[in-house]
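Hi,

Here is the structure I said I would pass on. Have a look at it first, and my notes follow underneath.

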Amino acid sequence: MADEANRTAFLELQGRMIETTSKFKQVQNQIRIKEGEKKRAFLTLEELRQVPDDTNTYKSIGRTFVLEPKSVLMSEQEQKLKDSETAISSLQTSKEYLEKHMSEVEINLRELLQQDPALARQIMSMSVM
């Protein structure tokens, strides 16, 4: 009976670990994407600062380009930069939480396997498909 309970607990912990790892990878990918957006906005803003104020500037909308004042384009890029920074900080917080959660699940798995050596041997003998 205890063996079955330990097995069920192991399967539950394993599922949580897989789910948490998946979420962690998604958050890492989102951070990478937001950092790219931030860098693109920063570089665009730097280039716009070098352009004289009386120069015609265009905004890309799909396949077309629309004449926009330089000030509008700069404010849009500044907003994109701020939004990216906010999103990155939020995602970093999520990443830290998921790291803590993963370590807790890992500790629980280790404790369970140390508590029941027969279960550990059974798991080690299983072949991965």
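To start with a small one: is Lys 59 buried, partly exposed or exposed? Lys 59 is partly exposed, because its relative accessible area is 26%. Keep in mind that this is a predicted model.

Lys 59 has a partner, too: its side chain meets that of Glu 76 in a salt bridge, 3.1 Å from N to O. That pair ties together distant parts of the chain, with Lys 59 in strand E1 (residues 57-61) and Glu 76 in helix H2 (residues 70-115), 17 residues apart. Glu 76 is also partly exposed, at 24% relative accessible area.

Now the overall picture. The protein has three helices and two strands, and from the N terminus the order is α-β-β-α-α. It's a long thing: the C-alpha atoms fill a box of roughly 80 × 25 × 20 Å along the principal axes. The radius of gyration is 25 Å, whereas a compact globule of 129 residues would come in near 14 Å. Buried residues make up 22% of the 129. Even so, of the contacts with a separation of 6 or more, 71% are between residues 24 or more positions apart.

One example of such a meeting is Asn 6, which sits in helix H1 (residues 2-50). Beyond its neighbours within four places in sequence, Asn 6 touches Leu 112, Gln 115, Asp 116 and Leu 119. Asn 6 counts as buried because its relative accessibility is 17%, under the 20% cut-off.

On the annotation side, the unreviewed UniProt entry lists residues 74-115 as "coiled-coil region". In the model that span is 100% helix, and its end C-alpha atoms are 61 Å apart.

Back to charges: the salt bridge count is eight. Two of them sit within a single helix. In helix H1, Lys 23 and Glu 19 are four residues apart, about one turn, and their closest N and O atoms are 3.2 Å apart. In helix H2, Arg 110 and Glu 106 have that spacing of four residues as well, with 2.8 Å from N to O. Arg 110 is exposed at 53%, while Glu 106 is partly exposed at 33%.

Last, the surface. The protein exposes about 9700 Å², and carbon and sulfur atoms supply 55% of that. Tyr 58, Phe 65 and Leu 67 make a nonpolar patch of about 370 Å². Leu 67 belongs to strand E2 (residues 64-68) and counts as exposed, at 51% relative accessibility.

Cheers

How values were computed
Residues numbered from 1 in each chain as written. Predicted model: local features only at pLDDT ≥ 70, side-chain atom pairs only at ≥ 80, totals over all residues. Heavy atoms only, no water. UniProt positions renumbered as here; feature names shortened; annotations may be inferred. Patch = residues over 30% accessible without salt bridge, like charges linked within 9 Å, V, L, I, M, F, W, Y side chains within 5 Å. Areas by Shrake-Rupley, 256 points an atom, 1.4 Å probe, with all protein chains shown as cover. Salt bridge = Lys/Arg side-chain N within 4 Å of Asp/Glu carboxyl O. Buried < 20%, exposed > 50% of the residue type's maximum accessible area, 1.4 Å probe, protein only. Contact = heavy atoms within 4.5 Å. Rg over C-alpha atoms; globule rule 2.2 N^0.38 Å.
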